[in-house]
Amino acid sequence: MSQENKGTELSRRDFLATTGGAIAGAAATGLAGQAEAGEPKPGKGGTVRFATRSDAQGLDPHRNVMYYVSFPIALTTQGLLDLNQKLEPSTGIAEEWSASEDLLTYKFKLRKGVLFHNGREVDAAAVKWNFEHIKDPKASHSFTRSALANLKEIETPDKYTVVCKLENPSAAFPANVVFYPCNLMAPDSLEQANEHPIGCGPFKFGKWERYEVTVLERFENYFETDAEGNSLPYLERIEGRPKKVDQVRLTALRTGQVDLIDNMAYADAASFGERYKGQYQTWDVPALGTAFVTFNLEKGPFSYNNPDGKLLRQAAAYATDLEAIHHVVFYERGEIATGYFPSTSPWHASPEGWKGKYDPDHAKSLLKKANAVGVQIDLMANDSWPYMQQTGELLQAMWSEVGFKVNYNIFDSAVLRQKRKAGEFHAESMAGSYRFDPDGWFSRQVLSTAAQTKQESRFRNEKADQLIHEARKTGDKAKRLEIYRDVENIVNDELPRLYTHHLTLLEADVTNLKGYVPSISGSPNIKGGGLRTAWMA
């Protein structure tokens, strides 16, 4: 199995006032795309000022998650395997890999001469040290550590060979050793990791002031080359300028303060192409992640403790107008979700879902059947992401209309974590980022033994657990998709989560930024694309 793998407030208020009135939305139109024939060829040098939605919590790449879409610092990182434009595991530091027939052993042959930013070679010993360090609970973030939870033993038979032996068969292991979350740092740089991390990505660390500026410089010895053999990246410098507020980020682009933004509000994205035609380039990112409603199955009216808990979850689902959310919150950008992966993903499993099943009258009848008209629901959302808050507003209106009494609150991340841990909520408007392999979602968010499942939905389903374990040890992709479709159908029936919408981005940049192509999820750090191949004309 060797592989080369080789918006506007008025629209929302109007809806809330009428719970189903006229809704308008428009899909954004793209502008200029790739550099056309006859334009100058890429040259070395230049600086890109990159405005992002968010920033890292800290610098140590093992203790902090380096979110691959919106953390400028992620451009300093590289994993054992790379990611292509579709976010599939691809050759990188490992120039080839193979798996045993039982999917218990993976062998990676490393590319010779790959260097960390301090000049140390990325050899088998360095990879082993990184994986062992990541597995240490005292040294790493739980999300990063979970990617290697199945790794039992690491062998290094020679300087450029890494053999990973697993506890249980896994077809998903290659997706776990890419740079999100298992990025590699120089083993002799641990003491400075919190102040000046030493990675092996396309750009090296310059300086970092959280939510102010991230300065990255071209790593002159990066291993990737273009089609003509020229070393990448072309750019000399990246200046990350994180800006939380959508309007601030967009204004920075329009006033020439930055050259590239990773996202804009859905309302702005709907009209941006027409308003600024020819002035900017835009990039539609179709698979950022998926929005959903999480129900608490441990406490409250939706829980297993209530004999009618499933009935009430179904009532909430029938009361949720997914088309209205698609129009009002997302301005018709992206897709209504029927499962976790959108149709643009190679992992779309075509589950049935709740699209087209909006039926408030049936929701009312279910509530009456359960003798639960007027039952109080505590609904919450995160204060950081407008679409979560806006979806929560619509849910409050929709659910109230059929007979629920909805108490809706918006909290910051710290309070949300406390409430989830204590189970002090009934439902939450949430979302998850794109996963390179379905196991990265199902084994963390659906599997009953997963830490996140235990702190969020508290879902327990023996059949779903069996299917998730079966899919993990199945090498055939078509068979895995069939299994995941069965899992999704269980989720859509039992409703630990109600999938609502697939998230998108509209990135925009100045017209003299050439060669930039983000991944399907928006990452600027991808094999043969993103900011590795971008250059300033």
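1. A quick definition before the tour: two strands count as paired when DSSP finds at least two bridges between them. With that in hand, look at strand 8 and strand 9, which form a hairpin with three residues between them. Tyr 211 sits in that turn and has a positive phi of about 60°. Keep in mind throughout that this is a predicted model.

2. Let's stay with the hairpin. Strand 8 covers residues 203-209 and runs antiparallel to strand 9, with six bridges joining the two. Which residue of strand 9 is the bridge partner of Phe 203? That is Arg 218. Next along, Lys 204 stands opposite Glu 217 of strand 9. The turn residue Tyr 211 also has company: Lys 244 lies over the face of its ring, 4.6 Å from the ring centre.

3. Strand 9 (residues 213-218) has a second partner in strand 10 (residues 237-240), and these two pair in the antiparallel sense over four bridges. Here Leu 216 has Ile 238 of strand 10 as its bridge partner. Is strand 9 mostly covered or mostly open? Mostly covered, as five of its six residues are buried. In the loop between strand 9 and strand 10 you will find Pro 233, and the peptide bond joining Leu 232 to Pro 233 is cis, with omega about -5°.

4. Now zoom out to the sheet. These strands belong to an open sheet of 10 strands with mixed pairing, in the order 8-9-10-1-11-16-12-15-13-14. Strand 8 and strand 14 (405-411) are at the edges; each has a single partner strand, so one side of each is left without a neighbour in the sheet. Helix 12 (residues 413-422) lies across strand 13 (376-382), strand 14 and strand 15 (427-433), and runs at about 140° to strand 13.

5. Helix 16 (residues 477-494) is a nice one for a sanity check. At 1.5 Å a residue, its 18 residues should span 26 Å, and the end C-alpha atoms are 25 Å apart, which agrees. Among its buried residues are Leu 481, Ile 483, Tyr 484, Val 487, Ile 490 and Val 491, and Arg 480, Glu 488, Asn 492 and Glu 494 are buried too. What do the buried residues of helix 16 pack against? They pack against helix 8, helix 13 (439-445), helix 15 (462-472) and strand 16 (497-510). As for Lys 477, its charged end sits over the ring of Trp 347, 4.7 Å from the ring centre.

6. On to the aromatics: the structure holds 29 aromatic pairs. One of them joins Phe 272 and Tyr 280, a tilted pair with 5.7 Å from centre to centre and 40° between the planes. Both of these residues are buried. Another pair is Phe 302 with Trp 399; the centres are 6.2 Å apart and the planes are at 65°, so the pair is edge-to-face, given that angles over 60 degrees fall in that class. This second pair links distant parts of the chain, 97 residues apart: Phe 302 is in the loop between strand 12 (280-295) and helix 8 (309-318), while Trp 399 is in helix 11 (residues 386-402). Phe 302 and Trp 399 are buried as well.

7. There is also an aromatic cluster, in which ring pairs link Tyr 67, Tyr 68, Phe 71, Phe 143, Tyr 180 and Phe 436. Tyr 180 deserves a second look: the peptide bond from Tyr 180 to Pro 181 is cis, with omega near 15°. Pro 181 has its place in helix 5 (residues 179-182).

8. Last, some backbone points to inspect. Most residues other than glycine have a negative phi, and most peptide bonds are trans. Leu 103, in the loop between strand 4 (94-99) and strand 5 (105-110), has a positive phi near 60°. Is Leu 103 buried or exposed? With a relative accessible area of 4%, Leu 103 is buried, since the cut-off is under 20%. Tyr 331 has a positive phi too, about 50°, and lies in the loop between helix 9 (322-328) and helix 10 (360-369). At 6% relative accessibility, Tyr 331 counts as buried.

Key: Residues numbered from 1 in each chain as written. Predicted model: local features only at pLDDT ≥ 70, side-chain atom pairs only at ≥ 80, totals over all residues. Heavy atoms only, no water. Buried < 20%, exposed > 50% of the residue type's maximum accessible area, 1.4 Å probe, protein only. Phe/Tyr/Trp six-rings, centres within 6.5 Å; stacked < 30°, edge-to-face > 60°. Lys NZ or Arg CZ within 6 Å of the ring centre and 35° of its normal. Contact = heavy atoms within 4.5 Å. Axes fitted to C-alpha atoms, helices over the stretch in contact; angles between N-to-C directions. Expected span 1.5 Å × (residues − 1).
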